[in-house]
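Thanks, everyone. Please bring up the sequence and the structure, and I'll walk you through a few strands and one arginine.

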Amino acid sequence: FDPISSSNAKPPGVELWAVFDVPQHHIDASWKNLTHTLSGLFCASINFLESTATYSTPEWSFPPASGNVRYGTLPCEAVCTENLTPWLKLLPCRDKAGIALLLDRPSLYRGFYHSQQLHLTSTGSSSEGIDLGIILEQTLTVVLQPNSEMAIEVHASEKHIQPSWSLSSIFGKQVSGRCVLAKSSSVYLLLDRGLVAELKFPNKENGKSAANGLTSENFWSNPSFELSAKPDRIFLEESSLHSKSLSILYMFQVEKYSESEPFDIGLMWKVPVAWLCQQTPLHASRFLMGSGNERAAIAISLKSTQFTEGFMSANCKDGSCELRVDVFQVVPWYVKVYFHSLRVFVDQQPRAVSDIIEKIHVSPSKDKMSPGVMEVVLKLPCRVNTAALTIEIDKGFLRIDEYPPDANQGFDIPSAIISFPNFHASMVFLEDDSLNKSPLLSKFQEKCPVMSYTEVLLVPLTTPDFSMPYNVITITCTAFALYFGSLLNVLQRRVAEEERFLKAKAAKKTGRLPLLLSKLSAKLRGRRLEPLHSPPSSSSFINSKLVLKVILVAGLGVGWQYFFS
């Protein structure tokens, strides 16, 4: 429930959505061109989204551009170094100078979570018809584990203390000034509302007194933590509708540091502090029900997170309090969804669909043409503990050429988007001239609905035995080789030459001594020496063998033709 997590935390794989300012009949062609361009730019498989069977057209989930939006996901696409390198090339100094020096590959991919985002916005054209250009926003979201060795060395006697950290201990590098092409370069340290509320101060009576202690001149002498560098500016959140405490933002300007004095902000904890970041009203999860490869059901579960009651009381109308939840679900075409089987449960009790669902938009899937889309607006009681949506599905049976190479792994169903339109993840800081200069602070103040994603479902479909085509091809090739090889051998072999070959072979086996003895006995008797003859049975045996081979080959050929006819 903060601008960073709600805007930048994304599901596994690739998520692409675009709003087109072109006529309706040109949107699909523009989408195809966009996917191929991004695929070549980031060395990813985004071009797989060009088919109409992989993307959808939301109606309510991406206001206010309804009808001109295209949305597609690739849940199985992994993010790796070959995607990060072209992303870094879009920066003014790449990763050679400025804050981008911290983007060390081993440090990034060693973290718990990694997401890179690219946001392009066309600024339109001026009154004279001149294109003003495109605004490019690049965001890299990483969740890293601080090095606990520093905390162990400093606080060897303390127990259960959270690890202290610094930029050099997390990323392994320090910042030596800003990029020469950048107008400004700043590092911000945000203390969450929950952390501010938990920090102990002598004069702490409420969240605001704690915030005043953190923004005073001697704030680093507080008993909770210590900063290694003095911030250039301190921003205090003006107000928070959903929390009693306020966030604190410290700003450090990088341009005043150099290679001789690099920038390395660090935070050392003095006492153990445990806090929980503010969460959405409901925690969403999704799972698959049923067994077998024919029928199943998809369930979306919503559980209360014991959210603060400040917003609930403000949203009461005529004595009734309602919580609006928007659900956007895309299902691939090979999973058949029975939308009429939609059921709703509130606090583990079945409820009528018309009582909970305010409006619904359904777009059934078409085989090999378009996926199924379901957009639902729920009106739940504010005191709800659990809610669930279930819908029945049929697992399709694909042709053999429609299966991917890893068909036995299963098929992915993209994450469902759960949004809360009445909750906005924004932070409004006190008015200051620097707010207009810092894009990050301006981004914090944008009112964007709180949005969360469910898990990616892995659906097993009926998968044929892909080894059978290989076995059939092997047996067929072997039979043809035996058939044609034997036939050519019979047609090309000559019986007379084979007999002469056998006689010569038999003569060689007799040896010289028997030959000399036979010549000597012939002279003594006065007779002529006769050549050695092979036994007549060999010729008849050879002839019968050839006949058997011909009969066998002919029988194989007849059997083959009869079997396949």
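Start at Tyr55. Opposite Tyr55 stands Gly72, in β3. Keep in mind that this is a predicted model. The strands here are β2 and β3, and β3 covers residues 69-74. Their pairing is antiparallel, over 2 bridges.

Now the sheet around them. It is open, with 3 strands in the order β1-β3-β2. Pairing is antiparallel. Which strands are at the edges? β1, at 14-19, and β2, at 55-56. Each of these pairs on one side only.

Stay on β3. Arg70 is found in this strand. Is Arg70 buried or exposed? Its relative accessibility is 6%, and the cut-off for buried is under 20%, so Arg70 counts as buried.

What does the side chain of Arg70 meet? There is a polar contact with the side chain of Asp28, at 3.3 Å. Look at the wider contacts too, leaving out residues up to four places away in sequence. Arg70 touches Leu16, Trp17 and Ala18, among others. Its contacts also include Tyr55 and Ser56. Further ones on the list include Phe20, Gln24, Ile27 and Trp31. Tyr55, then, touches Arg70 and stands opposite Gly72.

Last stop, another pair of strands. β12 runs over residues 282-289, and β13 over 295-304. They pair in the antiparallel sense, with 8 bridges. One place to look is Ala284: its bridge partner in β13 is Leu302. The two strands form a hairpin, with 5 residues between them. In the turn, check Gly290: its phi is positive, about 100°.

Terms used:
Residues are numbered from 1 along each chain as its sequence is written. This is a predicted model: local features need pLDDT of at least 70, side-chain atom pairs count only at pLDDT 80 or more; totals for chains, interfaces and linings use all residues. Side-chain values use heavy atoms; hydrogens and water are left out. Two strands pair if DSSP finds at least two bridges between them. Helices (H or I, at least four residues) and strands (E, at least two) are DSSP runs, numbered from the N terminus. Buried means under 20% relative accessible area, exposed over 50%, partly exposed in between (1.4 Å probe, protein chains only). A polar contact is a pair of N or O atoms within 3.5 Å; within protein, one must be able to donate a hydrogen and the other to accept it, and residues adjacent in sequence count only if both atoms are side-chain atoms. Contact means heavy atoms within 4.5 Å.
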